[in-house]
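Thanks for coming. I will put the structure up and then go through its cysteines, salt bridges, surface charge and backbone.

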Amino acid sequence: MIIAVVHLIPAEPAFTTGSEQQVWEQLRTSLGPDDVLLANFRLTDETKDHEADLVVVMPDFGVLVLEVKGGSIWYEDGWIQTVSGESKWIHPVDQARDAKYAIRQYVESDPRWGSRGRIRWAHGVVVPYSVFPDADLPDLPRLALHDREDVKSLIAHVRRNAHDLDTGHRVPALDDAATLGEILGGRLATSYDVNAEALERQATADRLTEQQGMILSVARLLNRIEVRGGAGSGKTVLALQQAKELTRGRHDRKAQRTALLCYSIGLGEHLKRQVAAWPRKDQPAFVGTFEDFARTLGVADFGDRTASSFWEEELPLTMAELARELPDGKRFDALVVDEAQDFADTWWTPLLTSLRDEDEGGVYVFSDENQRIFGRFGRPPVALVPLVLDHCLRNTREIHEAFSPLAPSRMYSRGGTGPSVQFVAASVDDTVDTADAEIDRLIEDGWGRGHIALITTGTRHWAQAGEQDRVGQLGYWQNYFDGDEVFYGHVLGCKGLERSAVVLVLNEDGTRDRARERLYVGMSRATDLLIVVGDPEVVRAVGGPEVAKRLGIA
């Protein structure tokens with residue numbers, strides 16, 4: 001009758017020799033229910049690769065590492081093995097002993113072994129087809145050698161080998177054997193990590209975005225282009241690449257004094273951090289927001305910052321006057337503008353005025369008209385050659401399919417597969433509390449806090465408002481990049497930015513202008529997992545029946 005041991009690791013091992021399989025099967029049928037039997041155990045340390053044919057863990061006896069040698073084995077100034085008429089020198093004792101020490105060190109250095117101290121470890125050699133005299137060999141006591149006669153009662157010899165070869169340490173207890181089985185069985189103290197998958201998809205997206213940079217090489221002879229692409233198409237990465245290539249000089253063009261601009265503070269901080277990591281010769285002369293650009297020109301008084309008339313009329317006029325006075329050394333050869341759909345008509349005047357050559361200077365625009373979520377409309381007053389990005393690289397297929405009905409044109413998903421998009425129904429008044437509960441659930445599921453964002457479409461979350469009041473706008477965005485906590489943001493400030501897991505909170509009724517565009521931007525901020533919290537009727541009214549259907553709303 002076969003008595004199954006507690007741990008057979010692996011449960012059905014594959015053997016290269018019949019001798020190893022024979023010894024394993026005999027031990028499997030003889031060992032008790034508390035023992036552990038491992039086959040073909042491999043371990044690599046800093047010195048070499050080790051392999052143990054069998055490792056037997058026996059409570060109340062010890063741990064035994066066995067080397068099994070088939071064929072005809074004898075000893076004459078060393079170990080010799082003859083198989084199929086061919087003889088060779090072998091070193092079974094060295095193999096078993098070295099493997100024993102390596103495995104022992106591996107176990108004792110594992111945190112799960114803790115302060116248990118050393119137990120009995122022994123090594124032995126099994127020669128199931130050969131016979132040896134009853135005497136010690138120069139490198140192996142006879143009790144640790146198991147020949148053809150010993151194999152007939154192998155379990156008794158193995159237990160004695162484990163118990164008597166190392167009498168200087170305690171025998172393993174039952175819980176020692178269980179822990180050893182866990183450590184040697186490869187069950188590390190880890191679990192499935194959702195963050196690891198997200199990081200791998202991000203690396204893939206980065207590689208695909210670099211490949212998409214070929215579009216800039218195709219357009220290298222053009223100095224005025226507009227790269228159009230939907231959410232997740234990698235526009236910001238390409239804008240950065242464009243600025244770098246212009247600054248360092250490329251192909252047959254000399255280095256150009258370049259300005260890299262955007263509108264939102266968060267995206268501006270991202271651009272600055274990316275550029276700061278480049279070699280000095282690759283860094284554009286200016287990197288930042290439109291407001292930063294105004295300060296560079298010399299604007300100090302920003303008046304009523306809440307008035308649209310200031311931003312769209314007074315400020316651009318002042319900036320244009322200052323730009324006309326710029327000396328040649330302070331002017332730019334090229335402008336690179338990311339999220340250009342955020343720029344008002346009047347903003348282009350001071351930008352173009354700052355060029356050395358207003359008629360021929362470089363203008364490189366990256367835009368997505370469907371992300372025009374502010375109440376201003378503008379386009380650069382110059383002719384631009386359009387280039388279209390039609391692949392979504394940054395979002396999983398599931399997320400892209402959910403927001404694709406909101407996109408202005410057909411795009412093809414290359415972002416890989418991920419978790420299904422989730423919709424959690426809640427009244428407008430209850431959306432924030434419901435979203436907070438979803439954040440807690442994500443953390444419980446193993447998502448790292450720094451991989452999670454909660455984004456609102458209506459009023460700011462109380463955590464965002466408190467953070468901005470406490471550290472100001474700049475400190476708030478620095479925490480976004482430096483911190484390892486959940487990010488609380490608003491859809492208006494998150495364009496060009498992303499997090500692996502996003503809880504999108506539809507905490508408004510959807511009647512406000514540009515609600516559809518805000519929904520599009522918010523849904524596309526998630527790269528791996530998207531949870532939408534809101535009223536189903538709001539989704540239908542803002543996103544239409546197709547978006548509602550893809551969110552699973554009946």
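Let me start with a question: does Cys262 count as buried or exposed? Cys262 counts as buried because its relative accessibility is 0%. Buried here means under 20% relative accessible area, exposed means over 50%, and partly exposed is in between, with a 1.4 Å probe and protein chains only. The areas themselves come from the Shrake-Rupley method with that 1.4 Å probe, and for residues only the protein chains shown count as cover.

Before going on, the ground rules. This is a predicted model, in which local features need pLDDT of at least 70 and side-chain atom pairs count only at pLDDT 80 or more, while totals for chains, interfaces and linings use all residues. Residues are numbered from 1 along each chain as its sequence is written, and side-chain values use heavy atoms, with hydrogens and water left out.

Back to the cysteines. A disulfide is a covalent bond between the sulfur atoms of two cysteines. The criterion used for one is a pair of cysteine sulfur atoms within 2.5 Å. Searching the whole structure on that basis turns up zero disulfides. Cys262 is in none, and its nearest cysteine sulfur, in Cys494, is 13 Å away. Seen from the other end, the closest cysteine sulfur to that of Cys494 is the one in Cys262, and 13 Å is too far for a bond. Cys494 has a relative accessible area of 3%, so Cys494 is buried.

Next, salt bridges. The rule is a side-chain nitrogen of Lys or Arg within 4 Å of a carboxyl oxygen of Asp or Glu. How many salt bridges does this rule give? The count comes to 32.

I will pick out a few. Arg159 and Asp35 form one, with the closest N and O atoms 3.1 Å apart. This pair links distant parts of the chain, 124 residues apart: Arg159 is in helix H3 (residues 154–164), and Asp35 is in the loop between helix H1 (18–30) and strand E2 (36–44). Helices (H or I, at least four residues) and strands (E, at least two) are DSSP runs, numbered from the N terminus. Both Arg159 and Asp35 are buried.

Glu226 and Arg228 make another salt bridge, at 3.3 Å from N to O. Here the burial is uneven: Glu226 counts as buried at 2% relative accessibility, while Arg228 counts as partly exposed at 37%.

A third case is Arg550 with Glu546, at 2.9 Å, N to O. These two lie in helix H16 (residues 536–550), four residues apart, which is about one turn of the helix. Arg550 is partly exposed at 37%, and Glu546 is partly exposed at 34%. Elsewhere, Arg116, Arg170, Asp175 and Asp176 are joined into one network by salt bridges that share partners.

Helix H16 also holds Gly543. Gly543 counts as buried, at 5% relative accessibility.

Now the surface charge. Which residues gather in a patch of negative charge on the surface? They are Asp357, Glu358, Asp359 and Glu360. Patches are made of residues with over 30% relative accessible area and no salt bridge, with like charges joined within 9 Å and nonpolar side chains (Val, Leu, Ile, Met, Phe, Trp, Tyr) within 5 Å. Lys and Arg count as positive, Asp and Glu as negative, and His and the chain ends are not counted. The charge is placed at NZ of Lys, CZ of Arg, CG of Asp or CD of Glu. Glu360 sits in the loop between helix H11 (348–353) and strand E14 (362–367), and counts as exposed at 53% relative accessibility.

Last, the backbone. Ile9 and Pro10 are joined by a cis peptide bond, with omega about -5°. Pro10 is in the loop between strand E1 (7–9) and H1.

Two residues other than glycine have positive phi values to mention. Ser84 has phi near 55°, and lies in the loop between strand E6 (79–83) and strand E7 (86–90). Glu339 has phi of about 50°, and its place is in the loop between strand E13 (334–337) and H11. As for accessibility, Ser84 counts as exposed at 76%, whereas Glu339 counts as buried at 3%.

That is everything I had; questions are welcome.
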